[in-house]
Amino acid sequence: SRNSAQGDGGGIYMRGVSSPGFAGLTASDNSAGGDGGGVNYAAVSARSIAGATIGGNTAGGRGGGVFAKGVSGPDLADSTISGNRAEGTEEEAGGGGGVYINSVSVAVTDVSISHNAAEANGGGIWGAARSLRISGSAIDGNTAAGNGGGIYRSLAPLEDIEPPVSQSTADASATTGSIGLTNSTVSGNTANGIFDFEAVAGAN
């Protein structure tokens with residue numbers, strides 16, 4: 001807690017590490033001038049973060065709570081990610097107030113992602129995983145100055161969403177990608193960018 005880095009990974013920075021995993025991790029009130037205020041995975045084959053509390057972290061770039069890029073995973077389970085902030089303002093250099101993921105396949109299971117903020121896109125989650133599966137999770141009360149207060153997808157259209165995403169100011173934004181929500185809520189999120197609910201399969 002209360003660590004800082006001028007570069008990336010205010011709390012934890014991992015690079016070139018195979019299959020790290022965390023159980024019962026607490027990363028709080030850390031700050032990074034770059035990416036990953038709480039945790040930064042770079043070029044890592046990551047397995048999971050489980051039973052974690054990641055809150056009150058700030059990144060000057062992307063991923064206020066968790067930043068993961070160029071990795072397999074990490075899967076997130078049974079965790080709380082709240083009150084984090086990503087302050088990068090450019091579309092590609094900012095986003096993901098709670099979680100920023102650019103990976104192949106990621107599962108988010110029984111995770112609360114709430115009250116995070118991004119100065120760009122994706123207040124709760126900024127996701128470029130080719131397969132992003134969210135189940136038993138709540139993505140609530142997040143904000144983005146750009147698009148996708150709750151979830152911002154950058155690779156493929158939203159599909160297979162059940163139950164439908166609720167119509168808050170802007171809960172999810174998509175340009176391209178594969179995402180599935182099961183037994184999850186995405187509500188009470190806000191964004192300043194333009195959002196078209198017709199882009200979300202199953203929206204009402």
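Let me start with confidence: this is a predicted model, and across the protein chain the mean pLDDT is 80, with 75% of the residues reaching 70 or more. Two stretches deserve caution as you look at the structure. Over residues 156–171 the pLDDT stays under 50, although the model has 67 contacts beyond four places in sequence for that stretch. Over residues 194–204 the pLDDT also stays under 50, and here the model has 22 contacts beyond four places in sequence.

Now to the chain as a whole, which has 25 strands and zero helices. Of its 204 residues, 52% count as buried, and its accessible surface comes to about 7800 Å², of which 46% belongs to carbon and sulfur atoms. If we take the contacts with a separation of 6 or more, 75% of them join residues that are 24 or more positions apart.

How are the seven strands of the open sheet ordered? Reading across, the order is β1-β5-β9-β12-β15-β19-β25, and the pairing is parallel. The edges are taken by β1, at residues 4–5, and β25, at residues 190–191, and because each has a single partner strand, one side of each is left without a neighbour in the sheet. The partner of β25 that I would like you to find is β19, residues 143–144, which pairs with β25 in the parallel sense over two bridges; there you will see Ala-144 standing opposite Ala-191 in β25. As background, strands of a sheet pair through backbone hydrogen bonds, either parallel or antiparallel.

Let us move to the nonpolar cores. In the largest one, which has 29 residues, those that touch the most other members are Val-39, Val-99, Leu-132 and Ile-134. Several elements give two or more residues to this core, including β6 (39–42), β13 (99–103) and β17 (131–135), while β14 gives the most, with four residues. Apart from this core lies another, of five residues, among them Phe-67, Trp-126, Ala-128 and Tyr-152.

I will finish with three loop residues, and the first topic is Asn-121, whose place is between β15 (117–118) and β16 (125–127). Is Asn-121 buried or exposed? Its relative accessible area is 7%, and since buried means under 20%, Asn-121 is buried. A polar atom of its side chain lies 2.7 Å from the backbone nitrogen of Asn-147.

Ser-137 lies in the loop between β17 and β18 (138–140), and with a relative accessible area of 5% Ser-137 is buried too. What surrounds Ser-137, if we leave aside its neighbours within four places in sequence? The residues in contact with Ser-137 are Val-108, Thr-109, Asp-110, Val-111, Asn-183, Ser-184 and Thr-185. As for Asp-110, its backbone nitrogen lies 3.2 Å from a polar atom of the Ser-137 side chain.

Then there is Glu-87, found in the loop between β12 (85–86) and β13, which counts as partly exposed at 38% relative accessibility. Although Glu-87 and Gly-60 are 27 residues apart along the chain, their C-alpha atoms are separated by 4.8 Å. Not counting residues up to four places away in sequence, Glu-87 touches Thr-58, Ala-59, Gly-60, Gly-61 and Glu-119.

Technical notes
Residues numbered from 1 in each chain as written. Heavy atoms only, no water. Pairing = 2+ DSSP bridges. Core = buried A, V, L, I, M, F, W, Y, C linked by side-chain atoms within 4.5 Å. Buried < 20%, exposed > 50% of the residue type's maximum accessible area, 1.4 Å probe, protein only. Polar contact = N/O pair within 3.5 Å; in protein donor to acceptor, adjacent residues only side chain to side chain. Contact = heavy atoms within 4.5 Å. pLDDT = per-residue confidence, 0-100. Areas by Shrake-Rupley, 256 points an atom, 1.4 Å probe, with all protein chains shown as cover.
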